[in-house]
Structure formats: C-alpha cells, structure tokens
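Biologist: Please take a close look at a single part of this model, and then connect it to the elements that surround it. I should like the residues named throughout, so that each can be found on the display.

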Amino acid sequence: MKNKIKTIAFDADDTLWVNEPYFQDAEKEFCQLLQDYLPEHSVSEELFKTEMKNLHLYGYGVKGFMLCMIETIGRISDDAASLKLVNKTIELGHELLQKPIQLLDGVQNTLESLAGKYKLVVATKGDLLDQERKLKNSGLVDFFHHIEIMSDKQTNDYKKLLKHLDCTPDHFLMLGNSVKSDIMPVLDLGGYAAHIPYHTTWTHEQHETTLQHDNFVKLKRIDQILEHLD
C-alpha cells in the first residue's frame, strides 16, 4: 500500500461520525410504541422485513426509514392504529434528522495528517440532504476534494467514482466500517481497503466471513491508517 496510494476515500456514517446508535435508539422507541400489538423483538423483525422489501425503492437514509416504520404500523395493526401513533413515528424521524454530529475518535487528527498529501474523498450512502447536512455540521468539508453521496456501494458504483476521480484502483484506498459496502467491492476492483469495525452495525451491513487479502488491512481506530501510509 505504501507509496502507491494517491486517493483516499472515507465512508461517513460510523466511520467519521456516530450514526447507527441513533437509528437503533429510534427503532427501540418505535417498537415500544407498538408493544400493544406485538412484542418489541417481533416489531423489530417486521420493520426489517419492510426495510428490505423497500430498499430498492427508497435507498438508504432516514426518510426511507420513516416510510418503512409507517408501513409497518399499518401491517402490524391491520390498519387499526391511530393517526397519533403515525405522527409520533414521524417525530422520531424528525429527531433523527436533527441529531448532533459526534466525530469518532481520531478522525480530526487523521484528516489533518493526510490533507495535502493525498486526494481525500467522502464516499457514503444515504439521503442527499441529510448527508449534506451532516457534512456541513461536521466541520470536515474543507478536508475533502470531492463528496460522493451514493445510492448504493456495489462494484459498478465504485467504478463510476474512480472514473470521475480519474483514479485507477491500484492508487485508491477506501476506509469504512462495513465489509459488505466499503471493503469487498473495492477489493474486487483491485483497490485497497481498510476496515474499521464499529461496535454496532445495521443487520443488512453485517458480514461474517473472515477476510484475507493482500490489499486489505483491519484497524481498530481510524488513525491507525497513518502507520500503513507513512
């Protein structure tokens, strides 16, 4: 990896700042709202089914999550739930869209150390407006040459990104917390990838396979990447 990398891309949610715990807290509150219909764990399972059914329509982000919660209310209650319950669910979504940005340990120092030496990029999934808000409020925007808010993170999505950046895979490094979205597609292209596990991961992004690859490194903290680049 050393002396090869020219462009470094960072996932945003749960790589640069806290995200998934906010969603899990909102989901817990949502499940409690529906406990008169089903136990909390069953509500959670039904919500996940709804999310997976609609992922190709809504993509990733808070707005799709809100719509899936509302649809789940209707299905679980057999359309008998009150509008008050729906409005409470919408409030949960609004609260998610206004959460403060909490940078993860080592992020600021890492970006300061890499700035000027590499072309730095954000490559993240999610709702456009929400991710733009988070980037603006993070105070990190000026570190990045390019911001790419992607509808998905498959191999072809990274191919398009690399073409836009005029970067070949052997000069590209991706850092992120999801093996499924941030690591595997980049390795498949011949790029480099660094996994930074986060203590909690959305079920859809979990990947159990032990990964061994010449272009792969596993870190405990984001600032450990500096040891592999210096």
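**A cavity and its surroundings**

Modeller: About 80 Å³ of space lies in the second largest cavity. The model is a predicted one, and it holds two cavities of 30 Å³ or more. The lining of the second largest cavity is made up of Val18, Asn19, Tyr22, Phe23, Val62, Leu96, Lys99, Pro100, Ile101, Asp130, Arg133 and Lys134. Sorted by class, seven of these residues are nonpolar, one is polar and four are charged. Two helices, helix 1 (20–33) and helix 6 (128–138), each contribute at least two residues to this lining. Helix 6 gives the largest share, namely three residues.

Helix 1 leads to the next site. The loop between strand 1 and helix 1 contains aspartate 11. With a relative accessible area of 6%, aspartate 11 is buried because its value falls under the 20% limit. The side chain of aspartate 11 takes part in two polar contacts: one with the side chain of threonine 15 at 2.9 Å, and one with the side chain of lysine 153 at 3.0 Å. Residues up to four places away in sequence apart, aspartate 11 touches Leu16, Ala123, Thr124, Lys153, Met174, Leu175, Gly176, Asn177 and Asp182.

The last of these contacts, Asp182, belongs to helix 8 (residues 179–189), in which eight of eleven residues are buried. The buried residues are Val179, Ser181, Asp182, Ile183, Pro185, Val186, Leu187 and Leu189. Their cover includes strand 2, helix 7 (155–165), strand 4 (172–176), strand 5 (192–195) and strand 6 (216–218). Glycine 190 follows helix 8 and has a positive phi, near 95 degrees.

Strand 2, part of the cover of helix 8, also packs against helix 5. In helix 5 (residues 107–114), the buried residues are Val107, Thr110, Leu111 and Leu114. These four lie on the same side of helix 5, because the arc they cover around the axis is only 95 degrees. The elements packed against them are strand 1 (7–10), strand 2 (119–125) and helix 9 (225–229). Just after helix 5 comes glycine 116, with a positive phi of about 90 degrees.

A further site concerns histidine 146, which is placed in strand 3 (residues 146–150). Its relative accessible area is 16%, so histidine 146 is buried, being under the 20% limit. Apart from neighbours within four places in sequence, histidine 146 is in contact with Leu120, Val121, Val122, Leu161, His164 and Leu165. Its side chain also makes a polar contact of 2.6 Å with the side chain of glutamate 148. Histidine 146 and leucine 34 are 112 residues apart along the chain, and their C-alpha atoms are separated by 42 Å.

To return to the starting point, the second largest cavity is lined by residues that include Val18 and Asn19, while the loop between strand 1 and helix 1 holds aspartate 11, a buried residue. From aspartate 11, contacts with residues including Ala123, Thr124 and Asp182 lead on to helix 8, where Asp182 is among the buried residues.

Key:
Residues numbered from 1 in each chain as written. Predicted model: local features only at pLDDT ≥ 70, side-chain atom pairs only at ≥ 80, totals over all residues. Heavy atoms only, no water. Buried < 20%, exposed > 50% of the residue type's maximum accessible area, 1.4 Å probe, protein only. Arc of directions from axis to C-beta. Contact = heavy atoms within 4.5 Å. 1 Å grid on protein atoms, 1.4 Å probe; cavity = no way out; pocket = protein on both sides within 12 Å on 5 of 7 lines; lining within 4 Å. Points joined across faces, edges and corners; volume = space filled by probe spheres on them. Nonpolar A, V, L, I, M, F, W, Y, C, P; charged D, E, K, R; others polar. Polar contact = N/O pair within 3.5 Å; in protein donor to acceptor, adjacent residues only side chain to side chain.
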